[in-house]
Structure formats: structure tokens, C-alpha cells
Amino acid sequence: MVLMFLKNIWVSRITFSQKRFFVINYRQMLKHYLKTTFRYFLSHKIFSFINIIGLATGICVCFFALFYVQFELRRDNYNQKADNIYRLVTDIKTSSGINYESTSTPMGPAIKAAYPGVKDMARVFMDDMILQSNPNNATKEEVAYADSSVFKIFTWPLLRGNIGHIFEAPCNVVLSETAAKKYFGNSDPIGQTMMINGKTKAVVTGIMKDIPYNSHLRVDIIFSITTLVDDDWSRNWTRFGFYTYLLLQPGQSATDLQAKLPAFVNANFNQSEFKYQLALEPLKKVYLYGKPRGHRTGTSESGSITNIYIISIIAVLVLFIACFNFINLATAFSLQRAKEIGVRKVFGASKYQLVLQFFMDAVILCLIAFVIALLFAMLLLPLFNQLVGTVVADSIFHSFQNILTLFLISIIVGVLSGAYPALFLSGFNPISSLKGKIGSSGTGLMLRRSLIVAQFSISIFLIIATAIVYMQLNFMQNQQLGFQKEHKLVVDYQFDSRINQHLDGVKQRLMDIPGVSKVSFSSSIPGTSNNQFNTIIENSKGENQQQKPDVYFIDNNFLKQFRINVIAGRGFSQNLAADSMKSMLINEAMLKSLGFANPNDAIGKRFTQLNHQGTIVGVIKDFHNHSFLEKVQPLTLRVDPGHLTNIAIDITSAKVSATVDKLESAWKNLEPSLPFIYFFADDAYNHQYIAQQRFGSLFICFAIIAIVISCLGLLGLCAFNIAQRKKEIGIRKVLGASASSITAMLSKDFVRLIIIALLIASPISWCAMHNWLQGFAYRINIPVWVFFVSGVSAILIALFTVSFQSVKAAMANPINSIKE
């Protein structure tokens, strides 16, 4: 390779009047640099492979992280009027805390009428229902009820239908392109009918483009608001559940409108019991900064800015590890080029030319890694979309800005990694270089060790963090919930009066099926949405205390079937007529909010709820009807057949599918027009953690990638270290050293560095994960053993990584090593 230097003439000789001038042939010089670079890569295949794959993987991780972070940060940015759109929300201060509510039906129209600065408003109510266009395609769908103005406020283009007429009547419905294709295939859906819950006809009046994935509000089916709202509801200021969006006039200040809302509240709300406060949330901040509002959030999603920070930091750390690898190996292997540098200098190479060569080597290697990273990203993008549960991008070329950013990062990494060998090695004395007297300097050795410590500090941090994330997710899913959720098939029959009027007959028919052991009816199942109603209960001071608790309506079998314990008083009884409507159970959280220390003291206290009055007959033990992300809230339970909508069926048979078939057959006999749509209670409860599970999976994947990249770097450095000490190893073997002692000698330096990394990573990871756990109402205590196990795991991984090279060197013929 060095001799090839002599064959490449970089200057052209030109003669003018017997004088010779030398002009640099830059094209020839560049060609020589490239040729030398690729020959060097081919002669150091392991070094090149480790560097390219490690850096390509790091860039690929950053690529996906950029896509994900931008997708999350740009939620709702597709709306052309996004800067002028605000969500109206309500905070209700009660005796038990603050309820974060949405809005009621009359709020939007009243604000638009009162304030000229509001150009338009739209109300959206999330729900679910069973839809079908023929007997064979019944599906339970997430839907919305909305004003037609929703298509003026949001950028949801109508492909078919007139915005002024699409919602002229109740049960008018607009379908997305996807929903239209699903229910009607290639036929024209306009004017076609669909069945709602097997009994009500809806008419398709419009087709809209699919709402983009980066919308906090995403549905495929929108009904006219008059399908849901009657005159009584439209005048009820305290019946919440609607999301109200306001479009402000251009130039209208949201701050000015916010300042007028307290007067609006005082004019329309009774503030004697509850304190109501309205606020405006900018549309672009609703997803990441807005609180989940109300009890039926449906497909209105909320994100976590904390998780965005975490994913961003992890991606940067992975890239750092890849860069540290690159710089570490580049500086280490550059020492093997000392004789090449000496020959180049003897034949007249300038320091500038040597510096340029080293920079070109590093930059070209980084650009190759960049191209491979693009190929990785193209292949893995569908898997990444599946991992995060949405389509963050349909192509890696979705954002040219991302590609340009990572391209520039690749160039910068190349320049930084080439800087040390370029500036350090280019200054070698040619005589010393040719004699082989150039060794690893103290500065270079310290740099490499520091980078190894930095790499494994990050890796150990990620191992500890991954373990804690996994333990917290496992804790939430397997902790005692206060009820039994297993082996329960649930049918949501959408409050169908045909079922509610014949509860006993339906229950008996289902109980007759072999494999069915218990049946109960309720308004909600733990893990799903539930109602909240204004309730007045006599507290420990004998005063009427008003609050808005979670509300379950159940039958007499619910508590027994779900194994919810009564700790004072009694449960509901079919033999007591007063238990229908006039009796109430409360949980321990409600007991505490009323000021009772002894559960028995609450028995017999009066209540008023939904215009029904009665007494508390029992207190149940708290159970987690919502996820572990929030504390158990005050809860009341009553018997009221009109509010029942779920049938929970315990299946004891080992042949679950056969039992389900029998249930479906019985259902068709009970209610032929209502499709048999079911889910399992444990799946519904675990679905609450889907966002945390996806975050955990993403976290774990990135952590594993970081560890693998670190090990690749360690493997390369181990190979370099062995090559540098080859003669020493041969001499030691000749003098009687065993293979195990040589392996230990080669490994101990790496182990020492990893122990230092553990000492650095442990306190940092404890602080970071302690802060992360504060976001959970119920959380694990970080155990000490996780740091010890993580450290041991890192050491074992490192030893496993270097063992192959170390054992190979220890078993080599010492004569061959000494000869070399």
C-alpha cells in the first residue's frame, strides 16, 4: 500500500521558458486517497465491519427515534387552523380533590354566542357501538357524535357530501374512506343504511378522508350530534362528556378570552358546592400536555412528554456508544499505520496530506455506515411502526430533514474520530516510525479507557433502567387488584332494553350452558370506562357532602362473581326490595373522603344520586377499577337495571371455544337482531397498559442495541490489544504461563473498567428511575440487588465477548507469536 504511493504522481510538470512549474493534480490525489482508504478497509476487515455495523445501528436507532419524537411532537399540526384552535376544559374542585372534566353540551354554543372572538365551535362525544351493514360484518366500533362544524374547524376533508346537509337529521353518519371500504366494499355508500346495535338504522350522508395518525382525536365513523343529544341534555350544564373545540378569530388572543371565562362560569354554574373553572388548551399541546378528561375518553389519546424525553435521551446515548466505538477503534488501529506514515514522510508527504488521508478514511467509513443505516431503516420501518402501535412514517424518505440531519451527524462523527489519528500520528518522527518505536501514548491509552468506561456506564445505566421498567410493568399487571378478572367473558349489549327487561330469564338461559358457572350484570367492568355522577352523601359530621365519584350499577351477583369483599354492613340481596334504587355501597376511598375512620359508622347514612334517595348499606374493600397509574377513586355501587349494559360470564370449561360457540348460539335465540360481540375481562384490564407496554418494549429494544454495540467495540479493542501483545503472550507461554492465566491477564483490565462504569452508572440510574416512578400512583421500591445483578451481568457479558479472542490467543503456538 505504501509503495503504491510512489506510483501515483500528484503533480503535472509544465515547462515555460526553461522553468519548471509543478501543479497539483487534485483529481489524481483524490483518487489515490480513495484507493488507499478502501485498501486499508479491506486489510482490516474486522475493524471495518465492527465500526460500520456499530455506527450504522446507532444511526438507524437515531433515525427511528427522530421519526417517533417528531411524530409525537407534531400531533395535530396537520390542521391548517391549528394555531387558532383551542380545547375547552373544566376543572371541578370537590371535597375529595379535583375532577378533570371535559365540557357539557350547552357550553360551546353559549360561549360562541357570548364572545365575538370565537369564530366557530364544535362538540365531540366519544362512544362505542355495534355497527353492521349486513348480517356478516357486525363490529364493535369506536365512534364519535359531533357537530357538522367539526369539518370546518379541523382539516378533515369531505370527499363526498355537503357540509351543510350531512348532519341534518339524527342517525346521519359520515364514514372515513377506510370504514366505507370495510362496510360497503366498492359500492357507493352514500344513502346506504347501517344498523346501530342491531335495532336503529343510520344513513350514510358523507365520506371523509382518513384522519391522519398524528391526531389526538381519531375516529373512522362520525354521527350527527342529534343522534345522541335530546332537549334535556342540551340544557344540562353539569352533564359532562363532550370535548368542545373553539376556533378563534384571526388575531383573537386566547389570553383575553381566558380572562373572561370566570364571569361566564359564575353566570351559568352554581359554585356553592363545587368550584368550576374553565380553561383553554391550545390544540397543539392537548396530546402531550393536556390531562385525560372525563370518564369516556374513547379514541381521544393523550401522550407523555416525559416518555418523549426518555426516548430521545436513549437514542442519543445509543449514538454516543456507537461513536465512542468508532473513535476508540479508529485511534487504536491507527497505531498500526506508524510505518506507513514513516514511509510516506520519507518520500515527501506533507503533514497536510497525511491529515487529509486520515480524515478521509474516517469520513468515508461513516458515510458507508450512513448508507447501511438507511437500508436498515427501510427494512425495519414496518416492524418499528408495529412496535409503537401506529404509523409514524410510511417511508424513511418521509422527512428529508431527518436524512440530512443524520448525514451531517455522520460527517461530524467522521471528523471527530479522524481528528486524533490525523493530528497525533501525522506528527510522528519518520525515523522512529520506521523503527517501530511508536507505541500507544499515555494520552491515547487514557482516551480509549475513558471511552470504554463511558460506553459501559451508559450500557449499565440502560440495563438497570430496563430492569426497573420491566419490574414496574410486571408489578402493575400482576399486583393484587382487589377483584378477580380471569376466565370472564363479557358481552356489552349497549344498554339494550330487550335484555334489561328480562334479566332473570337471560341469566338463567346462560347459566344452563355447560361450562358456565356464574353470570352477572353491570354498567362497567374494571378496566373499562365508568360513569361519574353528582352525589350527595351524609358525612361524618352529619353534613350533606356533595362530590362526583365513580359510579357502578350492578346486580346482586356482581360482588360475589368478581370476589370483591364487603368489609362492613352487607352486599345487595335479591330478597330486599329496597336494594333496588334505594341502597348504596361505597368503597374505602369514598369512606375516607367522607371523614369516617370506622367503616361501620357509615352504615345507614343518607344519599341522593340521580334523583334517587336511600341509605348506605355496606362498605367494600378498595379494588383497582382503573390502572395503577392513578389512585383508587371514591366509588359508589347501586342496583339500577336501566343502567346495565355488560354481562360477565365465568367460563370454567377447559374447552373455551366450544363454550363460546354455545353462548353465541344461545344469544341468537335470546336476541337475534343484536350481534354477539364479546371480550375477556383480563384483556380489557391489561389494555389500559398498552401505552406503557409499547414504551417498555421500545426502551428494552434500544437498551439491547446499546449493549450489543458496546460488546462489538469491546471485541474490536480486545482483538487490537491481543495483536499488540502477541509477542508478550508468546514469551509468557514459553516461560510456563497457563492458558487460563493469560486469559485472566487479558480480561482483567476490561473488568476493572466495567467496575468503574458500574460505580458511575448506579447513582445516576437510581436518580433517573426514581423520578420516572413518581409518575405512577402505585410503584415499586427500587431494590438494591438490581444494581448488583446489573453490574454482574455487564461483567459477564464483557467476559463472554472477549473470551473467544482471549482463549484463542492463549491457545496459539508461542513460537509463531514470537517469530512475528
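Q: Are Phe125 and Trp233 buried or exposed?
A: In this predicted model, both Phe125 and Trp233 are buried. The term applies to a relative accessible area under 20%.

Q: Why is the aromatic pair of Phe125 and Trp233 called edge-to-face?
A: The ring planes of Phe125 and Trp233 stand at 80° to each other, with 5.9 Å centre to centre. Ring centres within 6.5 Å make a pair, and planes over 60 degrees apart count as edge-to-face, so both conditions are met.

Q: What makes the pair of Phe125 and Trp233 a tie between parts apart in sequence?
A: Phe125 belongs to strand E6 (residues 118–132), whereas Trp233 belongs to helix H7 (residues 231–234). The pair therefore ties together parts that are 108 residues apart in sequence.

Q: Why is the aromatic pair of Phe676 and Tyr678 called tilted?
A: Between the planes of Phe676 and Tyr678 the angle is 40°, and the distance is 5.4 Å centre to centre. Planes under 30 degrees apart would count as stacked and those over 60 as edge-to-face, so this pair is tilted.

Q: Why does Phe676 count as buried, and why does Tyr678 count as partly exposed?
A: Phe676 has a relative accessible area of 11%. Buried means under 20%, so Phe676 is buried. Tyr678 has 36% relative accessibility. That value lies between the limits of 20% and 50%, so Tyr678 is partly exposed.

Q: How many aromatic pairs does the structure hold, and which residues do ring pairs link into a cluster?
A: There are 35 aromatic pairs in the structure. Ring pairs link Tyr115, Trp237, Phe240, Phe264, Phe269, Phe274 and Tyr276 into a cluster.

Q: What makes Lys488 a charge over the ring of Phe562?
A: The charged end of Lys488 sits over the ring of Phe562, at 5.2 Å from its centre. The distance limit is within 6 Å, so the value satisfies it. Arg218 likewise lies over the face of Tyr213, 4.1 Å from the ring centre.

Q: Why does Asn328 count as buried, and which residues does it touch?
A: Asn328, found in helix H10 (residues 305–334), has 1% relative accessibility. The limit for buried is under 20%, so Asn328 is buried. Among the residues that Asn328 touches are Arg448, Leu451 and Leu717.

Q: Why is Phe407 called partly exposed?
A: Phe407, in helix H13 (residues 400–425), has 32% relative accessibility. Partly exposed lies between 20% and 50%, so the term fits Phe407. Phe407 also helps to make a nonpolar surface patch of about 590 Å², together with residues including Phe400 and Leu416.

How values were computed. Residues are numbered from 1 along each chain as its sequence is written. This is a predicted model: local features need pLDDT of at least 70, side-chain atom pairs count only at pLDDT 80 or more; totals for chains, interfaces and linings use all residues. Side-chain values use heavy atoms; hydrogens and water are left out. Helices (H or I, at least four residues) and strands (E, at least two) are DSSP runs, numbered from the N terminus. Buried means under 20% relative accessible area, exposed over 50%, partly exposed in between (1.4 Å probe, protein chains only). Contact means heavy atoms within 4.5 Å. Patches are made of residues with over 30% relative accessible area and no salt bridge: like charges are joined within 9 Å, nonpolar side chains (Val, Leu, Ile, Met, Phe, Trp, Tyr) within 5 Å. Accessible areas come from the Shrake-Rupley method with a 1.4 Å probe; for residues, only the protein chains shown count as cover. A salt bridge is a side-chain nitrogen of Lys or Arg within 4 Å of a carboxyl oxygen of Asp or Glu. Rings of Phe, Tyr and Trp (its six-membered ring) pair if their centres lie within 6.5 Å; planes under 30 degrees apart count as stacked, over 60 as edge-to-face and the rest as tilted. A charge sits over a ring if NZ of Lys or CZ of Arg is within 6 Å of the ring centre and within 35 degrees of the ring normal. Lists of a residue's contacts leave out its neighbours within four places in sequence.
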